[in-house]
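Trainee: Got a minute to go through a structure with me? I'd like to talk it over piece by piece.

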Amino acid sequence: MPVVHADRAKCKGWANCVAGADDVFDIDDDGVVTLLRESIAPDEVGRVGEVARTCPEAALAVDEA
């Protein structure tokens, strides 16, 4: 099952991830990305992967293994 990774140290709180996949990402009270779930369905890889690729800080990744 594909897994989502978030590097909280790189996150600057732009929240583009929340705009693109609010069912997977959120921003905590400190303004840093948090994962609502780490595992995603195979049919979500395209959408969530695109959100990860467009992160301005490269703080997100999707591992399809």
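Mentor: Sure, let's go through cysteines, charges, the core and a few backbone oddities.

Trainee: What should I know about the model before we start?

Mentor: It's a predicted model, where local features need pLDDT of at least 70 and side-chain atom pairs count only at pLDDT 80 or more, while totals for chains, interfaces and linings use all residues. Residues are numbered from 1 along each chain as its sequence is written, and side-chain values use heavy atoms, with hydrogens and water left out.

Trainee: Okay, cysteines. How many disulfides does a search of the whole structure find?

Mentor: Zero. The cut-off for a disulfide is a pair of cysteine sulfur atoms within 2.5 Å.

Trainee: Why is Cys11 not bonded to Cys17?

Mentor: Because the sulfur of Cys11 is 6.3 Å from the one in Cys17, its closest cysteine sulfur, and that's too far for a bond. Seen from the other side, Cys17 is in no disulfide either, with the sulfur of Cys11 as its nearest at 6.3 Å.

Trainee: Is Cys11 buried or exposed? And Cys17, buried or exposed?

Mentor: Cys11 is buried at 15% relative accessible area, and Cys17 is buried at 8%. Buried here means under 20% relative accessible area, exposed means over 50%, and partly exposed is in between, using a 1.4 Å probe and protein chains only.

Trainee: Switching to charges. How many salt bridges does the count come to?

Mentor: Six. The rule asks for a side-chain nitrogen of Lys or Arg within 4 Å of a carboxyl oxygen of Asp or Glu.

Trainee: Which residues are linked in a network of salt bridges?

Mentor: Asp23, Arg37, Glu44 and Arg47. Within that group, Arg37 and Glu44 pair up at 2.7 Å, N to O, and Glu44 also bridges to Arg47 at 3.1 Å, N to O.

Trainee: Where is Glu44 found?

Mentor: Glu44 sits in the loop between strand E3 (33-35) and H2. Helices (H or I, at least four residues) and strands (E, at least two) are DSSP runs, numbered from the N terminus.

Trainee: How open are Glu44 and its two arginine partners?

Mentor: Glu44 is buried, with a relative accessible area of 13%. Arg37 is partly exposed at 27%, and Arg47 is partly exposed at 36%.

Trainee: What else does the Glu44 side chain reach?

Mentor: The backbone nitrogen of Ala41, at 2.8 Å. Not counting residues up to four places away in sequence, Glu44 touches Asp23, Arg37 and Gly49; contact means heavy atoms within 4.5 Å.

Trainee: Anything on salt bridges inside a helix?

Mentor: Yes, Arg53 bridges to Glu50, with the closest N and O atoms 3.2 Å apart. The two are three residues apart in helix H2 (residues 45-53), so about one helical turn separates them. Arg53 is exposed at 60%, whereas Glu50 is partly exposed at 40%.

Trainee: Now the inside. Which residues have the most contacts inside the largest nonpolar core?

Mentor: Val24, Phe25 and Leu60, in a core of 16 residues. H2 gives the most to this core, with four residues. A nonpolar core is a set of buried Ala, Val, Leu, Ile, Met, Phe, Trp, Tyr and Cys residues joined through side-chain atoms within 4.5 Å.

Trainee: And what is Leu60 in contact with, leaving aside its neighbours within four places in sequence?

Mentor: Quite a list: His5, Ala6, Cys17, Phe25, Val33, Val51, Ala52 and Cys55.

Trainee: Val33 is on that list. What's its setting?

Mentor: Val33 is in strand E3 and is buried at 2% relative accessibility. Beyond four places in sequence, the contacts of Val33 include Cys11, Cys17, Phe25 and Leu60. Val33 and Cys17 are 16 residues apart in sequence and 8.2 Å apart in space, C-alpha to C-alpha.

Trainee: Last topic, the backbone. What's up with Ala15?

Mentor: Phi of Ala15 is near 70°, a positive value in a residue other than glycine. Ala15 lies in the loop between strand E1 (3-6) and helix H1 (16-20), and it counts as partly exposed at 28% relative accessibility.

Trainee: And Ala58?

Mentor: Ala58 has a positive phi too, of about 55°, although it is not a glycine. Ala58 is in the loop between H2 and strand E4 (60-63).

Key:
A polar contact is a pair of N or O atoms within 3.5 Å; within protein, one must be able to donate a hydrogen and the other to accept it, and residues adjacent in sequence count only if both atoms are side-chain atoms.
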